[in-house]
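Thank you all for coming. Please bring up the sequence and the structure, and I will talk you through them.

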Amino acid sequence: MNIPFLDNWRKRHEPEPAGSPLAAAFDRDPEGVAELLSECELLRSRVEEAGVALDDTPRSLQELDQLPPRWRNDPEELPWFGNDAGLYLGTVIVRNVPGAQWQVWPGGGPVVRLASGREIQVVEAGLDWAITGAPQLSQVYAEASEY
C-alpha cells in the first residue's frame with residue numbers, strides 16, 4: 001500500500017548515521033576540514049597580541065612554548081585556547097612532517113596520523129600544554145618528526 005505521509009514520517013524518524021558531523025565532512029572533503037582545523041582563531045589572536053606570529057612552522061611552536069601562560073587566568077577561555085593550541089600543533093605537524101595527515105575518528109575527534117601509522121592526539125596535547133605547560137608543543141612536534 002502506498003501511503004505518502006507514512007513515507008515522510010519514516011524519513012524523519014530514521015536513525016541518524018553513526019559518527020559525528022565532522023567525521024562525515026572529513027570523509028567528503030578532507031582538505032576543507034584540514035583548512036578549517038588550521039584556523040585556530042582564538043590562539044592566533046591571543047598570541048598576536050603578545051607579538052608572536054604563527055606561520056605554521058616548528059619555530060612558532062617554540063615561540064608559543066616561551067609565552068607567559070596568561071590564558072590560565074581565564075578559566076572559561078582556557079579549554080578553548082588549549083583546543084586551538086592542539087589544532088595548531090596538528091597543523092604544524094601535517095604541514096612539516098612527511099606523510100603526516102589529519103584523521104577524524106568516527107566520534108569526531110581530530111588526530112594526526114603519521115606515516116608510521118602512529119596517531120597523535122593533538123587536541124589532548126594542546127589542552128595539557130595550556131593547563132600545565134607540559135608537554136611542550138615543540139617537544140610533541142620533535143617526537144612526531146622522528147617517526
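Let me begin with a question: is Cys 40 buried or exposed? Cys 40 is buried, with a relative accessible area of 3%, and I should say at once that what we are looking at is a predicted model. Cys 40 sits in the loop between α3 and α4, and although Cys 40 is not a glycine, its phi is positive, at about 45°. For background, most residues other than glycine have a negative phi, and most peptide bonds are trans.

With that in mind, there are two further places in the backbone that I would like you to look at. Asp 56, in the loop between α4 and α5, also has a positive phi, in this case about 65°, without being a glycine. Asp 56 counts as buried because its relative accessibility is 15%, and the limit for buried is under 20%. The other place is the peptide bond between Ala 134 and Pro 135, which is cis, with omega at about -5°, and Pro 135 belongs to the loop between α7 and α8.

Let me now step back to the chain as a whole. The protein chain has eight helices and three strands, and, read from the N terminus, the order is α-α-α-α-α-α-β-β-β-α-α. Of its 147 residues, 37% count as buried, while the chain exposes about 8900 Å², of which carbon and sulfur atoms supply 52%. If we take the contacts between residues at least 6 apart in sequence, 60% of them join residues that are at least 24 apart.

Turning to the interior, which residues have the most contacts inside the largest nonpolar core? They are Leu 43, Leu 64, Leu 89 and Ile 93, in a core of 39 residues. The elements that give two or more residues to this core include the helices α2, at 21-28, and α8, at 137-146, as well as the strand β1, at 101-104. The largest share, eight residues, comes from α6.

Leu 64 gives a good view of the surroundings there, since we can list its partners: setting aside residues up to four places away in sequence, Leu 64 touches Leu 43, Val 47, Leu 54, Tyr 88, Trp 129 and Leu 137. One of those partners, Leu 54, is found in the loop between α4 and α5, and Leu 54 counts as buried because its relative accessibility of 15% falls under 20%. Beyond four places in sequence, the residues that Leu 54 touches are Leu 43, Arg 44, Val 47, Ser 60, Leu 64 and Tyr 88. Leu 54 can also be placed relative to Cys 40, with which we started: the two are 14 residues apart in sequence, and their C-alpha atoms are 10.0 Å apart in space.

Next, consider Thr 91, which is found in helix α6 and counts as buried, at 1% relative accessibility. Leaving aside neighbours within four places in sequence, Thr 91 is in contact with Leu 37, Ser 38, Asp 56 and Trp 102, and Asp 56 is the residue whose positive phi I mentioned earlier.

Two of those partners of Thr 91, namely Leu 37 and Trp 102, are also touched by Pro 110, whose list, again without residues up to four places away, includes Leu 22, Leu 87 and Val 122 as well. Pro 110 lies in strand β2, residues 110-113, and is buried, with a relative accessible area of 14%. The C-alpha atoms of Pro 110 and Ala 23 are separated by 8.5 Å, although the two residues are 87 apart along the chain.

For contrast, Ser 145 in helix α8 is partly exposed, with a relative accessible area of 38%. Its C-alpha atom is separated by 8.8 Å from that of Leu 114, a residue 31 places away along the chain.

Finally, what lines the largest pocket? The volume of this pocket is about 210 Å³, and its lining comprises Arg 46, Val 47, Glu 49, Ala 50, Leu 67, Pro 68, Arg 70, Trp 71, Asp 74, Glu 77 and Phe 81. By class, that lining has six nonpolar, five charged and no polar residues, and the largest share of it, three residues, comes from α4. Val 47, one of the lining residues, is also among the residues that Leu 64 touches.

Definitions and conventions:
Residues numbered from 1 in each chain as written. Predicted model: local features only at pLDDT ≥ 70, side-chain atom pairs only at ≥ 80, totals over all residues. Heavy atoms only, no water. Helix = DSSP H or I, 4+ residues; strand = E, 2+ residues; numbered from the N terminus. Buried < 20%, exposed > 50% of the residue type's maximum accessible area, 1.4 Å probe, protein only. Contact = heavy atoms within 4.5 Å. Areas by Shrake-Rupley, 256 points an atom, 1.4 Å probe, with all protein chains shown as cover. Core = buried A, V, L, I, M, F, W, Y, C linked by side-chain atoms within 4.5 Å. 1 Å grid on protein atoms, 1.4 Å probe; cavity = no way out; pocket = protein on both sides within 12 Å on 5 of 7 lines; lining within 4 Å. Points joined across faces, edges and corners; volume = space filled by probe spheres on them. Nonpolar A, V, L, I, M, F, W, Y, C, P; charged D, E, K, R; others polar.
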